[in-house]
Each structure stands twice: as structure tokens, then as C-alpha cells.
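Reader: Please take a close look at one helix and at what surrounds it. Then go on to how the strands are arranged, giving cut-offs where a term needs them.

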Amino acid sequence: MPVHDRVQQHAQKHPHAIAVNIDGQTLSWLQLWQRSQALYQFILSESPNGHTVAIATGNAIAFPIAWLAATAQPLTAAIIDPLLPAEQLHEMLSRIKPGLLLLNQQDRATIALADALQIHWLAVDRWLESDPSVTEDRPAFSQGMHDATPFLINFTSGTTSLPKAFVRSRRSWRSSFENGEAIFQLTDAPSTLFPGPLSNGIGLYCLNETLYAGGCFYSLGKWQPDAALALIVRQQIQRLVVVPTMIAGFARVADGEAFPDLRNLLSAGAKLELNHYRQARALFPAARMQEYYGASELGFVAVSTLNDDSISDSLASVGQAFPGTTIEILDDDDVPVAMNQPGRIFIRSEQIIEGYLWGDDGGAFKKTPWGATVSDIGYLDERQNLHIIGRRGNMILSGGNNIYLSEIETTIKAIPGVIEAMVIAIDDNYLGKKIVAIIEAELTLAETIPEICREHLAKYKLPRHYYHISHWPLTPAGKIKRAGLEIRIANHDLRTDLTELSAGR
């Protein structure tokens, strides 16, 4: 990863300060530097010409050591979520063909898979028990941090069950660290918590930007909102990075308690809606709140610092272009459109990926001589704030009408008292697609939501059914499993408010 030189600097300046705390296990800067360099030397001794190293340790204290070792020149790291279905793990490892797989000694299933695929593996936690030491300083370990050379293979959701794989260069992340340090006030955040999986792109980046800036990075073994809130209090965490559904998770377990010591909250991964803002402000009354819009393929696109005095205006957009990024709105012929006119969002920056290793269906991601897009739709206003109309795959055709599900979600989430909501489209013989809303709120409030929607949405945008829910199917990252909801609806496994509330009553 492109932070090795910064880790070395921090290890020299304050060697015994804690750099990483994962599930209560810690590494000082000196320990992180020495052990990662020792593992790097071991990897090179196994394969001196360099190769791809897959990391499947999950959220363990061995992860940052493995990560640093596997991303130093000339190596490239592939980040594998060990909790993925076995079929996906088999296909991903078969395609990557890593020269070495780093994992935990208790992960018998992945070890068996590696043996079956004849992939050389190393149990990093067991290797660390031998207290390895650096035999010699390898200058290459902290060199080339600005180079446009590959260092990361990561994955994004595709149209099939197998995630798409893409490659990032060292320069693409180094430039974003340089441009983001001031706007995210990283030098003023001595501690940062991301309570989700480090195989998630947001968590992986958060670890790196924290190491770059010299703060202490905190994480948990798995997403547990009550444990994360307790950690914020116990360690006096200053900065919290989340996806919006994590905020709703905190609100469920906080029981009205506030956490006034948190100074910064950054939301990513999905649009921050009014209900999430209300929950976050009640939980973290003193926090400076920001959100950013981006994509795995594009990196950061826009960032917004929320203004409590004009929160509706703040939440209407995702802010202005991230430093070092230029935004243009183009029509279907790649011609720029006028201000306040919608079109596809194109960007130009150093953060754009070169392309996919596999999974490129030619649909969303597109590179042109001017810039790149993931086919999200939006517009720029007179202040150059970027407004998102619909994210990729978020537009449906229902009854001959183009409908953006995000617009309906925003309307429902703006209703005071709504904890969480999701709007999905399911197949319908008559309409083509039928809109369904799933809502978490007090039942008495949920019963009124169809009528509120009729006051704010055109008739063709109204959900056909409104389902009430108290427990969401979640990914390890704390995001809602949309596919899981679709299955439950198809199996009639969700009850509706007042038996079944349909639009038009």
C-alpha cells in the first residue's frame, strides 16, 4: 500500500504509541513496521520475483501486517473476504491464482480450499507467534509510494453472483491521501474507528488514511453496534467512519444515550438521508458531519460538510468536487449539458482504475478521453454542488414510466420517526416492475406512511405495498441485503402493516 514511508516515519517518531487496535489486540508503530517488514522478507524469500498475495485473514490483528507486507514493491495484494460463499471463494482464488494465500490458522475451510486448488498458504497468526524479526532493512519496502504500479486487487458488486475484480495503482490512493488529509481533518483526529469489515473498500481505505496521517486505527472483529458504541466511550474515539445503515444500527441500541466526545463523523457508501442525520445528531451532538460520494472504480468524487442550520439544503446534494477531481455532466452522446440539467456523471482524476480483471459487462463503467463514469445520473447546480438523481441500477421501468427508487426512499426516510427504509422493485406481470417499500418505524407511524407518500409522490411512483420490518438482513459490513429482502417478499415472509397496505387506498 502507498503508506509504507509514512508508517516508517511514525515508527521512528513515536515507536511505542499504538497504531492499530483490532478487537482489543494492539500493535505499536514499531511492532507494525518491524513485523510487516519481516513478513515481506519472508514472502520475497518464497518468491523473489514478486507475485500476487491474497489476504483472507478477516478483521484480525494480523491483517494490517499482512496488508503492509503484501503491498510493498513489487507485490500486489488481493483482498478476499473469508466469509464469502464457498463457491465464490473457489472461483475468485481460481481466477487470481495467488502465489501465496495469507489466512488464519483456525480457518480450516479456506485452508482446505487452498489445498484443493494447490495454492501455497501461510497462517499469519501462527507465523507471528514465532516473534519474527527483521533480518535486514529492505529499502524497497518503503519505496515507490507514488508510482503508477499495481498494488491492490479488490472487488465490487457485479450483475452476477461473482464480484467484479479491479486493479488499483499506488498513485491512485496516494493522491487521494494527499488531497483528503485537510478536508477530512485527519491530522486533528488522533483516533479513527471503522466498525465494519476491512475487506470492505471503505474500511480498507479508512485503515490506510489513518496510518498515513499517524492516527490510531480501531476496528472490531465483526459489526456489533453496541460494542462499537462502548469502544467509542472506552477509548475516547475522535473520528467515526460508517455507512448510513450503521447509524440506524447505533440508534437501535443506544436507548437515547448520547456520545458528546466524538468530534468527526464521515458517512460513505450510500446517500446520507434525513433520518440518518437526525439519528446521528442525537447520538453525536458535537460531531462535525461529512459525507462523500464515490465509487470503487472512481475513488472520491464529491464531499460535503453538513450545515446544521440549513440541513435540508446540505443533504440535497453530495457536495462539491473532491480536491484533485473535476466533474462534468454529459448526455448520452458525451456532450456537456447545461447547469441544473441531468446527465451522466463523468470525472477526471488520478483515482480512476485502469479497468477490470474480470466482470466488465460494458454497462456501468466507461472510460473516455475526457474522463470516466459508472453511469450514475446527476446534475451540477449554480454553486457547483453535485446532486445525485439515481445511482447505477437504481432506475426502473414500471408501467412505461422511468422511476428512480432513490427518490422514493428519500421521501420515506424524511418522515420523522422513520428509523430505516428501503424501496425495491420486484417483477410484475402487468407493470413489468412493481415498487415495494420496507419500513422500520413504530407501527402506528408506519400505518400513516402510505397516506404521507400520496401527498408527496406522483401516483405512478407510489409503492404498491408497504411492509413493516423490525430486523433487517445485513451484510458483514452492516449494509442491508437487498437480495435477501426480495427473497423474503417472494416467499411471503414479510408481514405488511394492517395486513397489506397498497397504494391508492
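**A helix and the strands**

Author: Just after helix α10 comes Asp255, with a positive phi near 55°. Helices (H or I, at least four residues) and strands (E, at least two) are DSSP runs, numbered from the N terminus. This is a predicted model, in which local features need pLDDT of at least 70 and side-chain atom pairs count only at pLDDT 80 or more, while totals for chains, interfaces and linings use all residues. Residues are numbered from 1 along each chain as its sequence is written, and side-chain values use heavy atoms, with hydrogens and water left out.

Helix α10 spans residues 244–254, and eight of its 11 residues are buried (under 20% relative accessible area, with a 1.4 Å probe and protein chains only), so the helix is largely enclosed by the rest of the structure. The buried residues begin with a run, Pro244, Thr245, Met246, Ile247, Ala248, Gly249 and Phe250, and Ala254 completes the set. Among the elements covering these residues are the helices α9 (225–234) and α11 (274–283). The strands β11 (239–242), β12 (264–267) and β25 (420–428) are also part of the cover.

Burial is a feature of strand β17 as well: five of its six residues, 343–348, are buried. β17 pairs antiparallel with β16 (residues 326–330) through five bridges, where two strands count as paired if DSSP finds at least two bridges between them. One of the bridge partners is Ile345 of β17, set against Ile329. β17 also pairs with β21 (residues 377–380), again in the antiparallel sense, over two bridges. There, Arg344 has Ile377 of β21 as its bridge partner.

Seven strands form an open sheet with mixed pairing, in the order β6-β5-β3-β4-β7-β8-β18. The edges are β6 (121–123) and β18 (356–358); each has a single partner strand, so one side of each lacks a neighbour in the sheet. From one strand to the next the twist averages 25°, with axes fitted as lines to C-alpha atoms and angles running from 0 to 180 degrees between N-to-C directions. At the β18 edge, β8 (residues 164–169) is joined to β18 by two bridges, and these strands run antiparallel. Phe166 stands opposite Tyr356 of β18. Helix α5 (residues 108–116) packs on this sheet and touches β5 (100–103) and β6, contact being heavy atoms within 4.5 Å. The direction of α5 makes about 170° with that of β5.

Terms used. Buried < 20%, exposed > 50% of the residue type's maximum accessible area, 1.4 Å probe, protein only.
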